[in-house]
Amino acid sequence: MKKGSAVKTNVMRVLDQKKIEYKCHNYEDTGAVSGMDVAAALGQDPSSAFKTLVTVGKTGEHYVFVVPVCGELNLKKAAAAVGEKNIEMIKQAQLLPLTGYIHGGCSPIGMKKFFKTTVDISAKDKQTIFFSGGKVGFQVEMDPADLEKVIDFQYADIADM
């Protein structure tokens with residue numbers, strides 16, 4: 001289960017509770033800020049390192065998108081994937097009250113409330129993917145098939161690489 005850290009985030013507690021295998025990676029002392037910097041600091045393939053983005057649709061519904069750090073969320077593709085006319089990123093100040101996470105520490109696991117989640121199709125055939133461990137400085141690595149045991153999500157082509 002958890003390896004490499006004495007810190008337990010909510011993400012790790014959820015994974016432990018569900019007996020899901022994962023590895024924890026700590027980058028607190030690296031100075032890395034962007035997803036690409038984090039991937040480089042940890043020696044990860046940027047196409048296997050994912051960022052979690054929260055959006056709001058024209059209907060007022062919120063959506064979570066998980067895309068590779070080496071790509072960008074395509075808002076048109078993302079809107080189509082969730083059946084919205086259009087979506088936009090939420091304002092950074094809204095992130096903590098909405099999800100319980102701060103910018104740079106947002107994870108698809110363990111949000112205050114579950115939102116419809118879409119993971120970029122590029123993750124589907126990877127052995128493992130990396131994403132925020134729920135706190136800046138921590139990432140978890142796990143099999144995307146195991147992520148399906150923790151949260152309900154769909155795969156879709158939502159990123160421009």
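# Exercises: pocket, helix and cysteines

Strand β2 supplies five residues to the lining of the largest pocket, and that is the largest share. Before you dig in: this is a predicted model, where local features need pLDDT of at least 70, side-chain atom pairs count only at pLDDT 80 or more, and totals for chains, interfaces and linings use all residues. Residues are numbered from 1 along each chain as its sequence is written, and side-chain values use heavy atoms, with hydrogens and water left out.

## Exercise 1: The whole protein

Work out how many helices and strands the protein has, and what percentage of its residues count as buried.

**Solution**

Step 1. Count the elements: you should get five helices and ten strands. Helices (H or I, at least four residues) and strands (E, at least two) are DSSP runs, numbered from the N terminus.

Step 2. Look at the overall box. Along the principal axes, the C-alpha atoms fill roughly 45 × 30 × 30 Å.

Step 3. Go inside. Of the 161 residues, 48% count as buried. (Buried is under 20% relative accessible area, exposed is over 50%, and partly exposed is in between, with a 1.4 Å probe and protein chains only.)

Step 4. Check who touches whom (a contact is heavy atoms within 4.5 Å). Take the contacts with a separation of 6 or more: 59% of them join residues 24 or more positions apart.

## Exercise 2: Around the largest pocket

Find out which residues lie nearest the centre of the largest pocket, then follow Gly104 to its contacts.

**Solution**

Step 1. Get the term straight: on a 1 Å grid over the protein atoms alone, a pocket is an open set of points where a 1.4 Å probe fits, with protein on both sides within 12 Å along at least five of seven lines, and lining residues have an atom within 4 Å of a point.

Step 2. List the lining. It has 27 residues, and Lys51, Thr52, Leu53, His103 and Gly104 lie nearest the centre.

Step 3. Sort by element. Helix α2 (35–41), strand β2 (50–57) and helix α4 (92–99) each bring at least two residues to the lining.

Step 4. Zoom in on Gly104. You'll find this glycine in the loop between α4 and β6, where a relative accessibility of 40% makes it partly exposed.

Step 5. Compare sequence with space. Gly104 and Lys51 are 53 residues apart in sequence, while their C-alpha atoms are 8.5 Å apart. If you skip residues up to four places away in sequence, Gly104 touches Tyr27, Ser132 and Val136.

## Exercise 3: Helix α1 and what follows

Decide which residues of helix α1 are buried, and say whether Lys19 is buried or exposed.

**Solution**

Step 1. Walk along α1 (residues 10–17): Val11, Met12, Val14, Leu15 and Asp16 are buried.

Step 2. See what they pack against. The partners of these buried residues are β1 (23–26), β7 (129–132) and β8 (138–142).

Step 3. Step off the helix. Lys19 follows α1 and sits in the loop between α1 and β1. Its relative accessible area is 64%, so Lys19 counts as exposed.

Step 4. Check the backbone. Most residues other than glycine have a negative phi. The phi of Lys19, though, is positive, near 55°.

## Exercise 4: Cysteines without partners

Explain why the sulfur of Cys70 has no bond to that of Cys106, and give the total number of disulfides.

**Solution**

Step 1. Count first: the structure holds zero disulfides. (A disulfide is a pair of cysteine sulfur atoms within 2.5 Å.)

Step 2. Try Cys24. Its nearest cysteine sulfur belongs to Cys106 and is 17 Å away. Cys24 itself is buried, at 6% relative accessible area.

Step 3. Try Cys70. Its closest cysteine sulfur, in Cys106, is 19 Å off, so the gap is too far for a bond. With a relative accessible area of 32%, Cys70 is partly exposed.

## Exercise 5: Two residues to place

Place Ile121 and Asp160, and name what each one touches.

**Solution**

Step 1. Ile121 is in the loop between β6 (116–120) and β7. It is partly exposed, at 38% relative accessible area.

Step 2. Ignore neighbours within four places in sequence, and Ile121 contacts Tyr155, Ala156 and Asp157.

Step 3. Asp160 belongs to strand β10 (residues 159–160) and is partly exposed, at 36% relative accessible area.

Step 4. Apart from residues up to four places away in sequence, Asp160 touches Gly71, Glu72, Asn74 and Lys77. Asp29 is 131 residues from Asp160 in sequence, and 30 Å from it, C-alpha to C-alpha.
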